[in-house]
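Visitor: Pick one loop in this model and show it to me up close, please. Then work outward to whatever surrounds it in the fold.

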Amino acid sequence: MISVVGHTAVDHICSVSHLPGPNASASILNRTIAFGGGAANIAVGIALLGGKTSLISAVGGDFPGSDYDIRMKELGIKQQFFIVPDKHTATAFMFTNPEGDQMTYFEWGASCLFETEPAPSLPFVHMATADPGFNMQVAQKAGFASFDPGQDLHRYTTDTLSIIIDSIDLLIANHHEYAGMCKILDMNRDDLISQVPMAIETRGGEGAILYEKGEEKVIPSVSVPCVDPTGAGDAFRAGFLTSYAAGYSSEDSCKIGAVTASFVVETCGCQIGLPDWKTMAGRFEEKFGPIPTHGPNRA
C-alpha cells in the first residue's frame, strides 16, 4: 500500500495572455475546472496504474457524495479523510502563459485542519503539498518516506524543512523548488542532494535527473505535443512511486514516471489524461523498449 499525504482540491486551470506584474491584468484565454490537489492527483495516478493506495487528506462539507468522491471510490482509493463541514475543499487557481510559465494561488479551505491533527505512522508514504508540521510528523514516523514541497514551500521554516530532509529516503522536486529549498536551508544544491539517499529533479521538457549513491543519471522526457503542463509533476510521481513500490529499479521507475507524465500534458486537467498500466507500457516500449523485469515489492 502506497500512502499519499496532502491536498485534495478543485483546480481552476487558466490559459492567459501573459503573467502580469502587480497592479496589472491579463486576459484569460481558456478556463477548465477539474479534479486536483497534488496528493489526490498522485493517488489517482497510482490507482489507475494498478497500485494500491490510500489518501490522507482533508476535505470540506462539499466533498462527501460529490463526483470527485464517487470517482475516488470507483478507483478503490482508501480515503483517510479529515472532514471539515463548514469549510470548502481546497481550491487551486493556476495561470499558464503561452511560454508554459505558471503562477498558482491556493485556497487551503479544509486543509487547514492538517495544522492540528496528529499524523499517522505509515510504512511507505509520499508527502505531497500539505502542512509543514504535519509532514514533519509523518516523515519522523514513516518507514520509507518520499517528499516534495510543491507550492507550499513558502510555508516551511528552516527547522521544519531540515527535520524532514533528515528523515526521508527520497526527495523529489522541480528545479525551481530545489532553488527554493536551498535558499531556506542556506546551502547549495549539491549539499542538499547529499543529505538524502535518493533525489530526483524534474526539469519539464528537459526530462529528469536521478541522484543516488553518488551517481547522476539523466532521464529523458517523452516528447509529445503539450497542451498544458499542469499536473505533469504529480503524474511523474505517480508513475515513479507505483513502479518503485512494485520493485522496479529507481532508474526504470523514473522512466515510467516520465512516460506517465507525457499523457497528462496532452490534455488540460491534472487527472484527465492519466493512463492505466497497459496504455503506459505501450508508450514506454515505443520510447525505451520492453518493460524491464523488477525485484520484490517494496510496499
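Guide: Let's start with D186, which sits in the loop between α5 and α6 (189-194). Helices here are DSSP runs of H or I with at least four residues, strands are runs of E with at least two, and both are numbered from the N terminus. D186 isn't a glycine, yet its phi is positive, about 55°. With 71% relative accessibility, D186 counts as exposed; that label means over 50% relative accessible area, buried means under 20%, and partly exposed lies in between (1.4 Å probe, protein chains only).

A word on the ground rules: this is a predicted model, with residues numbered from 1 along each chain as its sequence is written, and local features need pLDDT of at least 70. Side-chain atom pairs count only at pLDDT 80 or more, while totals for chains, interfaces and linings use all residues, and side-chain values use heavy atoms, with hydrogens and water left out.

Now step back from the loop to α5 (residues 175-185), which packs on a sheet and touches β10 (170-174) and β11 (198-202). Contact here means heavy atoms within 4.5 Å. The direction of α5 makes about 115° with that of β10; axes are lines fitted to C-alpha atoms, for helices over the stretch in contact, and angles run from 0 to 180 degrees between N-to-C directions.

The sheet itself is open, with nine strands in the order β5-β4-β1-β8-β9-β10-β11-β12-β13 and mixed pairing. Two strands pair if DSSP finds at least two bridges between them. At the edges stand β5 and β13 (215-219), each with a single partner strand, so one side of each has no neighbour in the sheet. Direction ignored, neighbouring strands are turned by 15° against each other on average.

Follow the sheet toward β13 and you reach K213, in the loop between β12 (208-212) and β13. K213 isn't a glycine either, but has a positive phi of about 55°. At 76% relative accessibility, K213 counts as exposed.

Elsewhere in the sheet, look at β1 (residues 2-5). Both of its faces are covered: I2 and V4 are buried on one side, S3 and V5 on the other. In a regular strand, side chains alternate between the two faces of the sheet. β1 runs parallel to β4, joined by four bridges, and parallel to β8 (residues 124-127), joined by three. V5 is a handy landmark: its bridge partner in β4 is I56, and in β8 V5 stands opposite M127. Seven bridges then link β4 to β5, again running parallel, with L55 partnered by Q79 in β5.

β4 (53-60) and β5 (78-84) lead us to α2, since they are among the elements covering its buried residues, along with β2 (9-16), β3 (28-36) and α1 (38-48). In α2 (residues 67-74), those buried residues are Y68, D69 and M72. Seen down the helix axis, they fall within an arc of 100°, so they line one face of α2; the arc is that of the directions from the axis to the C-beta atoms. On the other side, D67, K73 and E74 are exposed. After α2 comes G76, with a positive phi near 80°.

What about α1? Eleven of its eleven residues are buried, so α1 is largely enclosed by the rest of the structure. The roster includes N41 alongside the likes of I42, V44 and L48. Just after α1, G50 takes a positive phi of about 100°.

β2 and β3 belong to an open sheet of four strands, ordered β3-β2-β6-β7 with mixed pairing. Its edge strands are β3 and β7 (102-107), each pairing on one side only. β6 (residues 90-96) and β7 run antiparallel, joined by six bridges; T91 has E107 in β7 as its bridge partner.

One last stop is a helix pair. The axes of α8 (residues 250-264) and α9 (residues 277-288) come within 9 Å and cross at roughly 110°. That makes α8 roughly perpendicular to α9, a label for 65 to 115 degrees; under 35 is roughly parallel, over 145 roughly antiparallel, and the rest oblique. Among the residues that meet are I256, V259 and F263 in α8, and W277, M280 and F284 in α9. The contact residues divide into seven nonpolar, three polar and three charged, where Ala, Val, Leu, Ile, Met, Phe, Trp, Tyr, Cys and Pro count as nonpolar, Asp, Glu, Lys and Arg as charged, and the others, Gly among them, as polar.
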